[in-house]
Amino acid sequence: MRLLLLPALITTASSVAADPVITYDEHIKPIFREHCLKCHGDDEQKADLNLANFTAVLKGGSGDKAVIAGRSSQSLLFQAITAEDDAERMPPKKAAIPAPQIELIRQWIQGGLRESSASKSLVAKRDTTFTPTTDIKLDGPPPMPESLPAFTPPALKRPLPVIAMAASPRAPLIAVAGHEHVRLLDATTQQQIGALAFPEGQPNVIRFSLDGRVLMVAGGKPVQSGSVVLFDVKTGKRLTTIGDETDAVLAADLSPDQQLVALGGSGKVVKIYGTADGKLRHKLTKHTDWITALAFSPDGKKLASSDRAGGIHLWDATGGGILLSLSEHKASVRALAWRSDSKMLASGGEDGLLIWWDAKDGWPTVTNSNAHPPVRPQGSYGKLPNGVLALAFGPKGELLTAGRDNQVRLWNASGGAIKSYPSEGSLPLQTSITFDGKGLLAGSADGLVRFLTDN
């Protein structure tokens, strides 16, 4: 196996330009005057909506509030002017409002609906500070493989893309998906130290337990079978097998206390099993499309789930009841990750959105609609892919993401950009951060694991 070191292209947070302050008086009212006031002005108010003055805009109309501070995607006015169907889009029977003006309206809503340059944002400030937690203490050295079973990986014509990867939260150990096996790498030496057989099929999800002693591998064979296997990290012994699906498991996670396993896939149902007896505890049936990601909060109280339609739900991890539905993504959610303090949930999707959610009430504290902006090749036309493919939190609350722009990016605990790492032409599919925060890793479509450095 070859490991390639990449130099970093550094972009500091201070060098990233902040969005300009957009106000109703200076920027938005002229747009409304040009496109909207004939039907929604002082003389006529269709749907009881008047956009001619700031107070009336906030009041809304017969269809409820027209704008919600900080939530353009949930604002009826923004939905109306960006509708894809010509029959539904406002203004009616006219050309769509130009994209630059729509962007100004979006920024105005996201920025807190300021009336003038002297006005304050109507979005309440939220505490995004991060305090590391050290709840789990281990006796003895960090858990590392010591006497793994002998295993020879099958010969392949080309490497399997890195579709799953995880870093131990307690040791310099990386687990990487291979064809019917899992590779184990030493993060210090950057060398492979062993492998675990997974004859169940393709490993689609890999997770370490919070104490680093157990490795969860989930996957299977498409349209045939799927399951979750737990391994002892030190010995490589198979501890238990959970689930008996008729299709490959696409999403899974192990609870912090190792008592529960959640799994899901094409069946659109999240199933929660007990690890001690392998019995089904709960079936969560609110999703309308394939389950794409599952993540227990580090405190063990919540389970986050996502699907191909952009839906995200928070569940009571032990009772199975629905707590919150998080509505922002408009396309498949590719990844979910909890910050270690359990206060923030991060999500990334094929719509290009990267979001930090406040787990207390489901508010999108930080929404980045252009986290991995694509670069248009010369002579190309049409819409370019702008997806966020993977994300992983580190011990200091930092977040490492990968996108369809062939970049890996590092963000601080408050969502500010820190650095960008080019992926040298191979699409990055997975990211991980080592337990000490010193190692940043990206797994790519060419089957390589890259240790990102600044040197």
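**View 1. Arg71 sits buried and pairs with Glu328.** Arg71 has a relative accessibility of 11%, so it counts as buried (under 20% relative accessible area; exposed is over 50%, partly exposed in between, with a 1.4 Å probe and protein chains only). Its partner Glu328 is buried too, at 5%. In this predicted model, Glu328 and Arg71 form a salt bridge, with the closest N and O atoms 2.7 Å apart (a salt bridge being a side-chain nitrogen of Lys or Arg within 4 Å of a carboxyl oxygen of Asp or Glu). Glu328 is in the loop between strand E18 (322–326) and strand E19 (333–338), while Arg71 is in the loop between helix H2 (54–59) and helix H3 (76–82), so the bridge ties together parts 257 residues apart in sequence. Helices (H or I, at least four residues) and strands (E, at least two) are DSSP runs, numbered from the N terminus. A search of the whole structure turns up 15 salt bridges.

Some housekeeping: residues are numbered from 1 along each chain as its sequence is written, and side-chain values use heavy atoms, leaving out hydrogens and water. As this is a predicted model, local features need pLDDT of at least 70 and side-chain atom pairs count only at pLDDT 80 or more, whereas totals for chains, interfaces and linings use all residues.

**View 2. Arg126 meets Asp361 in a salt bridge.** Here the N to O distance is 2.7 Å. Asp361 lies in the loop between strand E21 (354–358) and strand E22 (363–368), and Arg126 in the loop between helix H4 (99–110) and strand E3 (165–167), so this pair ties together parts 235 residues apart in sequence. Asp361 is partly exposed at 38%, and Arg126 is partly exposed at 30%. Bring Asp358 into the frame and you have a salt-bridge network of Arg126, Asp358 and Asp361.

**View 3. Asp253 and Arg207 bridge two strands.** The closest N and O atoms of this salt bridge are 3.7 Å apart. Asp253 belongs to strand E11 (residues 251–254) and Arg207 to strand E7 (residues 202–208), so the link joins parts 46 residues apart in sequence. Asp253 is buried at 7%, but Arg207 is partly exposed at 26%.

**View 4. Asp405 is tucked into a loop between strands E24 and E25.** The strands on either side are E24 (399–403) and E25 (407–411). Asp405 counts as buried, at 13% relative accessibility. Its side chain makes a 2.6 Å polar contact with the side chain of Arg409 (N or O atoms within 3.5 Å; within protein, one must be able to donate a hydrogen and the other to accept it, and residues adjacent in sequence count only if both atoms are side-chain atoms). Leaving aside residues up to four places away in sequence, Asp405 touches His372, Pro373 and Pro374, contact meaning heavy atoms within 4.5 Å.
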